[in-house]
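Student: I've never looked at this one before. Could you walk me through it with a few questions and answers?

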Amino acid sequence: MRAAIGKYVVLPSEEALTAVTLWVAATHIQTALQHAPRLAVVSPTKGCGKSRVLDVLHETVYQPMMTVNTSPAVIFRVIGKNPPTLLVDEADTIFGPKASGDSEILRGLLNAGHQRNRPAWRISGPDHKPTPFPTFAMAAIAGIGDLPDTVMDRAVVLRMQKRKPGEKVTPFRSRYSVPELNALRDRLTAWLGPLRGQAARMVPQMPVEDRAADTWEPLVIIADLAGGQWPAQARAACLAMTRHEAAQDEQSSLKTRLLRDIHRIFAQADNPEALATQDLVASLLQDAEAPWAEYGTKGLNAYHLSNLLRDFNISPANYRFDKGRQAKAYIRNRFLDAWARNCPDLVEAAPEPEHGAAPARMPQGRPPAAPAGTLPVGPPGGPAGPKRAL
C-alpha cells in the first residue's frame, strides 16, 4: 500500500507517506477506535496533487464517501454505527470568507467526530423528538490554504507542494489503477478484520501527548499490529510531523499578529490608500509590546516584512504620494482578502445598496505610479504586486 500510494502522488516527505499509509489502514478498523483522526490535505495553490490524493484514498479506504459540497443534514444521516470514510474536496469553498452559515455547523461536526460518543442532537421525525446523530467518522479534507484551526488541531497534516521538474508519478488511470488499489484495499480488510478486538484493547506508547496523541494513536496501533519496522517508522513520523505543525502554528500566529498590527496602523492613519514601507516598518517597531523590535537579529526590516506577507499574496509596489514623492509602499486594498480570511472579526460587512440607489462613490486618492516593471493596483485577490523584469 505504501508503494502504491507513493507511485501515484508525491507527498511532502517519507514521514508523510508513512502517515498516509497508516491512516488508510486505520479506516478499516474505525469501529475499534476511540478517535478518528482527520487527514488535512492542504496546499498554498492549485495543482499540488490534493485531488489526486483523494482519488487514491477513494480506492483504498473503508467505505469512502466522496463529496465536494454537502450539507450538515446529509453528513448527520450517513454516519451511523458503521460509518463511512468522508473524503471532502474543495474545502476552501466550505470554510472560506464567503461560505454559508452551514460552514460553522460542518466545522463543529468535524470537531465532534474526532472522538467517539460526541453525538449531535436534532429535533427529528414526525413527533419532533430530540434525536442523537452520531458524528464519529474518519475524514480526509482537501483544500487551498489551512483549514480552521480546530480542524487542523485534530488532523494529520499533509502540506502539499507542486512537483519539481524531475519528480515523476505514474499516471492515474481508472482502467488499471483502480483494480490494483482495490486489491490492496481488500487485502487490508482481510488482514485487519480479525484484529479489531485486539486493536480496541491496545494502549500503545506514544511519543506525543494530549490531542496529538489522540490523533496519532490509531496510526500507531496499526503500526504495532504490523510489527517489523513499522512501529519505529510510525513514531518517527508522528514526532517529525507534529513538530513541523507546531513550528507552522508559531509562524502562523506571528503572521496573524502582523496582519492585525498592520490593520491597526492603517486605522490610526485614517485608512489611507497606501503606507510607505519605511513608515509601516517604523510604526510596527514603535509598539513596545509587539515582537517586531526583537524580530531577527536587529529587529523587523523591509525585507522581513515582505517575506512575512508573501504567503498572503501581499507585496510592496511603487506608489506616488502627495507632492510627487514616490516610494515603495503597501496598498491597503491588497490586505482586504487576508484580513477577511485570517482576522474576520476586524472586517465589517459592507451594507447592501438600496434598490435604485446610486453606486457608492470610490474613495478619492492619487493612483499609484506605474513605471516600467510594475502593475497598477488591482482589486483584492488580484495581482500580488509588481513583477520584476527578467
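Student: Okay, how many aromatic pairs does the structure hold?

Tutor: Keep in mind that this is a predicted model. Ring pairs were searched for in it, and the count comes to seven.

Student: Take F266 and W339: what kind of pair do their rings make?

Tutor: Their ring centres are 6.3 Å apart, and the planes meet at 75 degrees. An angle over 60 degrees is the cut-off that matters here, so this pair counts as edge-to-face.

Student: And how many residues apart are F266 and W339 in the chain?

Tutor: F266 belongs to helix α11 (residues 230-268), while W339 is in helix α14 (residues 336-342). The pair links distant parts of the chain, and the separation is 73 residues.

Student: Are those two rings' residues, F266 and W339, buried or exposed?

Tutor: The cut-off for buried is under 20% relative accessible area. F266 has 0%, and W339 has 2%. So F266 is buried, and W339 likewise counts as buried.

Student: Which residues do ring pairs link into a cluster?

Tutor: Start from the pair we just discussed, F266 with W339. Ring pairs also bring in two others, giving a cluster of F266, W339, Y330 and F335.

Student: Which ring does the charged end of R116 sit over?

Tutor: Look for the ring whose centre is 4.2 Å from that charged end. R325 has a similar story, with its charged end over the ring of F321, 4.7 Å from the centre. For R116, the ring is that of F136.

Student: Which element gives the most to the largest nonpolar core?

Tutor: That core has 58 residues, and among those touching the most other members are W23, V24 and L158. One element supplies nine residues to this core, the most of any: α2.

Student: Leaving aside neighbours within four places in sequence, which residue numbered in the 200s does L158 contact?

Tutor: Among the contacts of L158 are L11, A16, V20 and V42. The list also takes in one residue from further along, M241.

Student: How many disulfides does a search of the whole structure find?

Tutor: A disulfide is a covalent bond between the sulfur atoms of two cysteines. There are buried cysteines here, including C48 at 5% relative accessibility and C343 at 0%. Still, the number of disulfides found is zero.

Student: Last one: over which residues does pLDDT stay under 50?

Tutor: The chain averages a pLDDT of 86, and 87% of the residues score at least 70. Where pLDDT is low, the predicted coordinates should not be read in detail. The stretch to treat that way, with pLDDT under 50, is residues 349-390.

Key: Residues are numbered from 1 along each chain as its sequence is written. This is a predicted model: local features need pLDDT of at least 70, side-chain atom pairs count only at pLDDT 80 or more; totals for chains, interfaces and linings use all residues. Side-chain values use heavy atoms; hydrogens and water are left out. A disulfide is a pair of cysteine sulfur atoms within 2.5 Å. Buried means under 20% relative accessible area, exposed over 50%, partly exposed in between (1.4 Å probe, protein chains only). Rings of Phe, Tyr and Trp (its six-membered ring) pair if their centres lie within 6.5 Å; planes under 30 degrees apart count as stacked, over 60 as edge-to-face and the rest as tilted. Helices (H or I, at least four residues) and strands (E, at least two) are DSSP runs, numbered from the N terminus. A charge sits over a ring if NZ of Lys or CZ of Arg is within 6 Å of the ring centre and within 35 degrees of the ring normal. pLDDT is the predictor's confidence in each residue, from 0 to 100. Contact means heavy atoms within 4.5 Å. A nonpolar core is a set of buried Ala, Val, Leu, Ile, Met, Phe, Trp, Tyr and Cys residues joined through side-chain atoms within 4.5 Å.
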